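This report walks through a single protein chain, taking up its aromatic contacts, its main pocket, its cysteines and a few individual positions in turn. The sequence and the structure are shown here for reference.

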Amino acid sequence: MPPLPNAELVQSSVQLYRYLLRCCKHLPEENIRQHYRHAIRQSFKVHADEDDPEQIQQIIKRAIEDADWVMDK
């Protein structure tokens, strides 16, 4: 499955959060969707205090790559 449209436009943590939750809607089973929604929330809590813009961009890039990988599974 190709990535959702506009992944390249994700620039902030809020945009990333919304993008990842939209990706979850395309997963096949409810229990899988719940698992990834929970993982997304936990990850955002872990990185909530990050303030280095370069590090934030790396996290965004990695999260989109990971989401693409999950969607391809």
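For the rings of Phe, Tyr and Trp (the six-membered ring in the case of Trp), a pair is counted if the centres lie within 6.5 Å, and planes over 60 degrees apart make the pair edge-to-face. In this model, which is predicted, the count by that rule comes to one aromatic pair. The partners are Y17 and F44, whose ring centres are 4.8 Å apart and whose planes stand at 80° to each other, so the pair is edge-to-face under the cut-off of over 60 degrees. Y17 belongs to helix α1 (residues 13–24) and F44 to helix α2 (residues 30–46), and the pair therefore ties together parts that are 27 residues apart in sequence. Y17 is partly exposed, its relative accessible area being 25%, and F44, at 23% relative accessibility, also counts as partly exposed.

**Annotated region**

The UniProt record, an unreviewed entry, lists residues 14–68 as "domain: Complex 1 LYR protein", and such an annotation may be inferred rather than shown by experiment. Over residues 14–68 the chain is 80% helix and 0% strand, with the C-alpha atoms at the two ends 18 Å apart.

**The largest pocket**

The volume of the largest pocket is about 500 Å³. Its lining consists of 23 residues, of which L16, L20, S43, F44 and A63 are the closest to the centre of the pocket. F44, the ring partner of Y17, is thus met again among the residues closest to the centre of the largest pocket. Two or more residues of the lining come from each of α1, α2 and α3 (53–72), and α3 gives the most, with nine residues. By residue class, the lining of the largest pocket divides into 17 nonpolar residues, three polar ones and three charged ones.

**Cysteines**

How many disulfides does the count come to? The count comes to zero disulfides, the rule being that the two cysteine sulfur atoms must lie within 2.5 Å. For C23, the nearest cysteine sulfur is that of C24, at 7.1 Å, and C23 is in no disulfide. Taken from the side of C24, the closest cysteine sulfur is in C23, and the distance of 7.1 Å is too far for a bond. C23 is buried, with a relative accessible area of 4%, and C24 is likewise buried, its relative accessible area being 3%.

**Individual positions**

Three further residues can be placed by their element and by their C-alpha distance to another residue of the chain. L21 has its place in helix α1, whereas Q11 is found in the segment before α1 and P28 lies in the loop between α1 and α2. L21 is partly exposed, with a relative accessible area of 22%, and Q11 is partly exposed as well, with a value of 46%. P28, by contrast, counts as exposed at 66% relative accessibility, because exposed means over 50% relative accessible area. The table sets out how far each of these residues is from a partner, along the chain and in space.

| Residue | Partner | Apart in sequence | C-alpha to C-alpha distance |
|---|---|---|---|
| L21 | V10 | 11 residues | 13 Å |
| Q11 | I60 | 49 residues | 7.6 Å |
| P28 | M71 | 43 residues | 9.7 Å |

Q11, in the segment before α1, thus has its C-alpha atom 7.6 Å from that of I60, although 49 residues separate the two along the chain. P28, in the loop between α1 and α2, is 9.7 Å from M71 between C-alpha atoms, with the two being 43 residues apart in sequence.

Definitions and conventions: Residues are numbered from 1 along each chain as its sequence is written. This is a predicted model: local features need pLDDT of at least 70, side-chain atom pairs count only at pLDDT 80 or more; totals for chains, interfaces and linings use all residues. Side-chain values use heavy atoms; hydrogens and water are left out. Helices (H or I, at least four residues) and strands (E, at least two) are DSSP runs, numbered from the N terminus. Rings of Phe, Tyr and Trp (its six-membered ring) pair if their centres lie within 6.5 Å; planes under 30 degrees apart count as stacked, over 60 as edge-to-face and the rest as tilted. Buried means under 20% relative accessible area, exposed over 50%, partly exposed in between (1.4 Å probe, protein chains only). On a 1 Å grid over the protein atoms alone, a cavity is a set of points where a 1.4 Å probe fits but cannot get out, and a pocket is an open set with protein on both sides within 12 Å along at least five of seven lines; lining residues have an atom within 4 Å of a point. Grid points are joined across faces, edges and corners, and a volume is the space filled by probe spheres set on the points. Ala, Val, Leu, Ile, Met, Phe, Trp, Tyr, Cys and Pro count as nonpolar, Asp, Glu, Lys and Arg as charged, and the others, Gly among them, as polar.
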